[in-house]
Amino acid sequence: QVQLVESGGGLVQPGGSLRLSCAASGRISSINIMGWYRQAPGKERELVAIITDIGITNYADSVKGRFTISRDNAKKTMYLQMNSLKPDATAAYYCNGRDLGRGTYYWGQGTQVIVSS
């Protein structure tokens, strides 16, 4: 089993910054790729950023240059640093882990981000 727990969401003003954390536990050695997704009310869940087990990253065009995904292997934690936040970033943010060998997806419970003045 793999468990993912997000934290760090909250209310932030436009132009502000926020850092989300995803703490992983269990059989995390099986996870090849981790990422952040977000879902706003009435919209589909969308990919924000990913990071592979060897540190390769990729970002959605909408957040490129403003968001940074990273991981601390010693702490078994993944982060999403969000800068220059805009109201359209308001959403529930979810941590995801993928076991490519088994075709298994793991999800956290989500953390809410609200960007509003």
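Where is Val 63 found? Select this residue to begin: Val 63 sits in the loop between β6 and β7, where strands are DSSP runs of E of at least two residues and helices are runs of H or I of at least four, numbered from the N terminus. The model is predicted: local features need pLDDT of at least 70, side-chain atom pairs count only at pLDDT 80 or more, and totals for chains, interfaces and linings use all residues. Residues are numbered from 1 along each chain as its sequence is written, and side-chain values use heavy atoms, with hydrogens and water left out.

**First stop: the loop between β6 and β7**

Val 63 has 1% relative accessibility and therefore counts as buried (buried is under 20% relative accessible area, exposed over 50%, partly exposed in between, with a 1.4 Å probe and protein chains only). Display its surroundings next: beyond the neighbours within four places in sequence, Val 63 is in contact with Arg 38 and Val 48 (contact means heavy atoms within 4.5 Å). A distance label from the C-alpha atom of Val 63 to that of Ser 84 should read 9.6 Å, for residues 21 apart along the chain.

Now select Arg 66, in the loop between β6 (57-59) and β7 (67-72). Which side chain of opposite charge is nearest to Arg 66? It is Asp 88, 5.3 Å away; Arg 66 is buried yet has no salt bridge. Here Lys and Arg count as positive and Asp and Glu as negative, with His and the chain ends not counted; a salt bridge requires a side-chain nitrogen of Lys or Arg within 4 Å of a carboxyl oxygen of Asp or Glu. The Arg 66 side chain instead reaches two backbone oxygens, that of Ser 62 at 2.8 Å and that of Ser 84 at 2.9 Å. With neighbours within four places in sequence set aside, the contacts of Arg 66 are Gln 81, Met 82, Asn 83, Ser 84, Leu 85 and Lys 86.

**Second stop: Glu 6**

Move to strand β1 (residues 2-7), which holds Glu 6. Glu 6 is likewise buried without a salt bridge, and Arg 45, the nearest side chain of opposite charge, is 7.5 Å away. Show the backbone nitrogens: the Glu 6 side chain reaches that of Gln 109 at 2.8 Å and that of Gly 110 at 2.9 Å. Beyond four places in sequence, the contacts of Glu 6 include Trp 36, Cys 22 and Cys 95.

**Third stop: the disulfide**

How many disulfides does the structure hold? There is one, formed by Cys 22 and Cys 95 with their sulfur atoms 1.9 Å apart (the cut-off for a pair of cysteine sulfur atoms is within 2.5 Å). Cys 22 belongs to strand β3 (residues 18-26) and Cys 95 to strand β9 (residues 91-99), so the pair ties together parts 73 residues apart in sequence. The torsion about the S-S bond is about -75°, which means that the disulfide is left-handed. Cys 22 is buried at 0% relative accessibility, and Cys 95 is buried with a relative accessible area of 0%.

**Last stop: the aromatic pair**

Finally, select Tyr 37 and Trp 107, an edge-to-face pair with 5.0 Å centre to centre and 70° between the planes. Rings of Phe, Tyr and Trp (its six-membered ring) pair if their centres lie within 6.5 Å; planes under 30 degrees apart count as stacked, over 60 as edge-to-face and the rest as tilted. Since Tyr 37 lies in strand β4 (residues 33-39) and Trp 107 in strand β10 (residues 104-107), the pair ties together parts 70 residues apart in sequence. Tyr 37 counts as buried at 14% relative accessibility, whereas Trp 107, at 36%, counts as partly exposed.

Terms used. A polar contact is a pair of N or O atoms within 3.5 Å; within protein, one must be able to donate a hydrogen and the other to accept it, and residues adjacent in sequence count only if both atoms are side-chain atoms.
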